[in-house]
Amino acid sequence: MQVIAAIIYAVFLPVNLYFYWPFLDQAQLKNDQPQIGSVQGAEISTEKQLPESLKNSIASDSDNFQNSQDGYGGSGLIPQKKSTFYNTKIFAGSSVAIDVNTGTILYYDDGRTKTPIASLTKVMTATMILEKVKDLNEVVTIDEEALAAEGTKVGCPTTGYCIDEKLHLGEKITVGDLLKAMLMDSANDAAIALGKHVAGSQKAFAALMNEKAKELTLKDSHFCNPSGLDEDGCYSSAYDIARITAYSMRYDRIWSIMDTKEDTVHSIDGKYTHILKSTDVILDEVPNCLGGKTGFTYNAGKSLMLASADPTSGKHKIVAVILNDNERWADMKNLIAWTFENYEWK
């Protein structure tokens, strides 16, 4: 009888672990899920054990992250697990949540998988624009290459669905207004126009993006264009995007845009008006949401980045990134809520 019971237990154990994994206390899994490192003394929480090479890489990134932040965007305190901490699971292609100030990884699931990231690329594009353009009132002339962009465009926040007037050939519009269109409408034509304005071509602008990625010690990213449209050899990771996002918080202009639901911009001569609407539909549904960015291509799937501050004090900022997830809206709300429910800053 004992033999039969042992056989049944062995057969159904994997099934039980699959269904109960999200609810197991991490202490129960200590032998199978060793701690993978620390950032500034704080534990790194992970749903899956990292390969040793990635563990070492993330650990070595911590000082570089601190240097790149220069005190921007965080409280200076360290996130630590509460005594009531429990694991969770986001069923996405990959996902991660980090503390803005320290870079501590709060949630991790295949977070360094190299994959297309679609319009989440535009967070890096926006960062480069703020660093390369001294005056956001500089005028950009819209050309044929920008107008030929596939996917989302100014006036068309969903592919094939337009709510307002598109950009026009030869239209003159400011860098600042194109930045709004790029981040709110996720407009590929605006991203292309901005990239060419700064660097002369999309490829030259991508080279600047890759230089910045190297400067930030990002190891999982290679950018090919300012829009995030699919090209062979273009990729990043949830972890890299989270770090880029945290770095971008030094630029208030980016985040005032990414927290705006609707706006209107005009051509320089006032001839054309463009109504902009954010593609992020949960800006008002996440407590203390700081802003977010959506992404979608057929190769990348549906993705989302969102930043939020803790509901209690509003001082502790986190960034969450979910890649390739058809349930991105619900999963993001759950991930943000879980993070603040399970961590405290000391």
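A residue is called buried when its relative accessible area is under 20%. By this cut-off, helix H8 of the predicted model is mostly covered, with 11 of its 11 residues buried. The run begins with Ala-238, Tyr-239, Asp-240 and Ile-241, and also includes Arg-243, Thr-245 and Ser-248, which are buried too. For the chain overall, 53% of the 346 residues count as buried.

The chain contains 10 helices and 13 strands. Many of its contacts link parts that lie well separated in the sequence: taking contacts with a separation of 6 or more, 68% are between residues 24 or more positions apart. A good place to see this is an open sheet of 5 strands, whose order is S5-S4-S12-S11-S10 and whose pairing is antiparallel. Strand S5 (105-109) and strand S10 (289-297) stand at the edges; each has a single partner strand, so one side of each is left without a neighbour in the sheet. On average, neighbouring strands of this sheet are turned by 5° against each other, direction ignored.

The sheet can be walked through from the S5 edge. Strands S4 and S5 run antiparallel and are joined by 4 bridges, with Ala-97 standing opposite Tyr-107 in S5. These two strands form a hairpin with 5 residues between them, and Gly-103 in the turn has a positive phi of about 80°. On to the next pair, S4 and S12 are antiparallel and share 6 bridges. Here Ser-95 stands opposite Ile-322 in S12, while Asp-99 stands opposite Ile-318 in S12. Ile-318 also has a partner in the next strand along, since Ser-308 stands opposite Ile-318 as well. S11 and S12 are antiparallel and joined by 6 bridges. The walk ends with S10 and strand S11 (residues 301-309), which pair in the antiparallel sense over 8 bridges; Gly-291 is found opposite Ala-307 in S11.

How much of strand S4 is covered? The strand is mostly covered, with 6 of its 6 residues buried. Both faces share in this: Ser-94, Val-96 and Ile-98 are buried on one side, and Ser-95, Ala-97 and Asp-99 on the other. Strand S12 is mostly covered as well, with 6 of its 7 residues buried. Helix H8 (residues 238-248) lies across strand S4 (94-99), S5, S11 and strand S12 (317-323), and runs at about 35° to S4.

Asp-99 deserves a closer look. This residue lies in strand S4, and because its relative accessibility is 2%, Asp-99 counts as buried. The side chain of Asp-99 makes a polar contact with the side chain of Thr-102, at 2.7 Å. Asp-99 also illustrates how the fold brings together separated stretches of the chain: Asp-99 and Ala-309 are 210 residues apart in sequence, yet 9.9 Å apart in space, C-alpha to C-alpha.

A second buried residue with a polar side chain partner is found away from these strands, in a helix. Thr-125 lies in helix H3 (residues 121-132). Is Thr-125 buried or exposed? At 0% relative accessibility, Thr-125 counts as buried. Its side chain reaches the backbone oxygen of Pro-226 at 2.6 Å. Leaving aside residues up to four places away in sequence, Thr-125 touches Met-182, Phe-205, Met-209 and Pro-226.

Finally, the model has open space to explore. Rolling a probe the size of a water molecule over the atoms shows where empty space is left. The largest pocket has a volume of about 630 Å³. Of the 27 residues that line this pocket, the closest to its centre are Thr-152, Pro-157, Thr-158, Thr-159 and Phe-296. The elements giving two or more residues to the lining are S10 and helix H10 (328-342). Which element gives the most to the lining? That element is S10, with 4 residues. The strand S10 thus appears twice in this account: at an edge of the sheet and in the lining of the largest pocket.

How values were computed:
Residues numbered from 1 in each chain as written. Predicted model: local features only at pLDDT ≥ 70, side-chain atom pairs only at ≥ 80, totals over all residues. Heavy atoms only, no water. Pairing = 2+ DSSP bridges. Axes fitted to C-alpha atoms, helices over the stretch in contact; angles between N-to-C directions. Contact = heavy atoms within 4.5 Å. Buried < 20%, exposed > 50% of the residue type's maximum accessible area, 1.4 Å probe, protein only. Polar contact = N/O pair within 3.5 Å; in protein donor to acceptor, adjacent residues only side chain to side chain. 1 Å grid on protein atoms, 1.4 Å probe; cavity = no way out; pocket = protein on both sides within 12 Å on 5 of 7 lines; lining within 4 Å. Points joined across faces, edges and corners; volume = space filled by probe spheres on them.
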